Every structure is written in structure tokens, then in C-alpha cells.
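These are my notebook entries from an afternoon spent looking through one protein model. I wrote down each thing as I looked it up, beginning with the whole chain and ending with single residues.

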Amino acid sequence: MKYLLLIHAESANTTSDCTPEDWMVYDKQVKDAGIFVSGESLADLTAGTSVKVDRDGTRSVTTDGPYPETRELVGGFYVIDVPDLDVALDWAARCPGSQGGGRIVVSPIADWG
């Protein structure tokens with residue numbers, strides 16, 4: 001089953017003990033385990049734009065920044081293919097983004113067939 005590991009940081013200035021090398025090690029572990037489907041890091045955590053569309057289909061609000069109501073930022077994602085949620089949670093806990101105030105949201109990906 002495929003799971004999205006969505007990497008959140010408290011802010012762009014969040015200090016963490018993890019280094020770029022920690023990310024490279026984790027990336028290699030995921031790939032070596034044969035569970036990697038896709039993944040990317042975002043170039044600029046504060047450069048996202050949110051769009052809201054009214055019920056009539058017209059774009060009504062465009063706001064700079066990914067989530068204006070919170071200081072939490074999305075930093076990137078992994079999609080992994082593992083047997084079940086418990087294994088996905090284990091991999092999320094290993095991710096450097098889960099440390100130093102970060103958080104990983106784990107969500108199953110729908111299989112439409």
C-alpha cells in the first residue's frame with residue numbers, strides 16, 4: 001500500500017539537529033529498502049501560494065504563503081510503498097523531518113484501480 005509522508009516544519013527558521021547528510025542517509029535507506037515511489041524537497045518553504053475557488057467555480061482568493069492561518073510549513077514529501085500503516089509510521093519516525101520540532105503526516109494513498 002502506498003503512503004504519503006508529508007514533512008512539516010514549525011517555521012522556516014526551525015532549528016534542527018539534522019543535517020543535509022542526515023537527509024541523504026534517510027533517502028538512501030528508503031531507496032535501498034525498495035519502498036521509494038517518489039519524493040521531493042521544496043525549494044523555498046515560504047514561497048507557496050494558496051488558491052480558493054468559490055462554489056461557482058471562480059477563483060476568489062489567492063494568498064502568498066502555503067498556509068496563512070498557521071506558522072507550520074510543508075517542507076517536502078515522500079511516497080513509499082509498504083505493507084501497512086505500522087510500517088509507514090516506522091519509516092516516518094526515522095525521517096529527519098520528524099525531529100527538532102518537525103512533524104510527519106502519514107496518509108494512505110487511494111488506489112482507484
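The entries below go from the overall fold to the sheet, the helices and the core.

**Entry 1: the whole chain.** I noted before anything else that this is a predicted model. I then looked up the secondary structure and found 2 helices and 6 strands in the protein chain, which follow one another from the N terminus in the order β-α-β-β-β-β-α-β. The chain has 113 residues, and 23% of them are buried. I also looked up the surface, and the chain exposes about 7600 Å², with carbon and sulfur atoms supplying 52% of that area. Among the contacts with a separation of 6 or more, 72% are between residues 24 or more positions apart.

**Entry 2: the sheet.** In what order do the strands of the open sheet lie? I read the order as β2-β5-β1-β6, which makes 4 strands with antiparallel pairing. The edge strands are β2 and β6, the latter covering residues 103-108, and each of them pairs on one side only. From one strand to the next, the twist averages 20°. As a reminder to myself, I wrote that strands of a sheet pair through backbone hydrogen bonds, either parallel or antiparallel.

**Entry 3: the pairs, one by one.** I began with β1, residues 2-9, which runs antiparallel to β5 and is joined to it by 8 bridges; within this pair, L6 has F77 of β5 as its bridge partner. Strand β1 also pairs with β6 in the antiparallel sense, over 6 bridges, and there I found L4 opposite S107. Strand β2, residues 36-41, pairs with β5 over 5 bridges, again in the antiparallel sense, and G39 stands opposite Y78 of β5. I then checked how covered β5 is, and for this strand, residues 73-81, 7 of the 9 residues are buried.

**Entry 4: the helices.** Helix α2, residues 85-94, lies across β1, β5 and β6, and its direction is at about 155° to β6. For helix α1 I tried a check of length: at 1.5 Å a residue, its 13 residues should span 18 Å, and the end C-alpha atoms are 18 Å apart, so the two values agree. After α1 comes G34, and its phi is positive, near 75°.

**Entry 5: the core.** Which residues of the largest nonpolar core touch the most other members? They are L5 and I80, in a core of 15 residues. The elements that give two or more residues to this core are β1, α1, β5, α2 and β6. I added the general remark that in soluble globular proteins, nonpolar side chains tend to be buried together.

**Entry 6: two residues of the core.** I looked up L5, which lies in strand β1. Is L5 buried or exposed? Buried means under 20% relative accessible area, and L5 counts as buried because its relative accessibility is 1%. Leaving out residues up to four places away in sequence, L5 touches ten-odd places along the chain that I copied in part, including Y26, F77, A88 and I104. The C-alpha atoms of L5 and V106 are separated by 4.8 Å, although these residues are 101 residues apart along the chain. With residues up to four places away in sequence again left out, I80 touches residues including M1, V30, V37 and W91.

Conventions
Residues numbered from 1 in each chain as written. Predicted model: local features only at pLDDT ≥ 70, side-chain atom pairs only at ≥ 80, totals over all residues. Heavy atoms only, no water. Buried < 20%, exposed > 50% of the residue type's maximum accessible area, 1.4 Å probe, protein only. Pairing = 2+ DSSP bridges. Contact = heavy atoms within 4.5 Å. Areas by Shrake-Rupley, 256 points an atom, 1.4 Å probe, with all protein chains shown as cover. Axes fitted to C-alpha atoms, helices over the stretch in contact; angles between N-to-C directions. Expected span 1.5 Å × (residues − 1). Core = buried A, V, L, I, M, F, W, Y, C linked by side-chain atoms within 4.5 Å.
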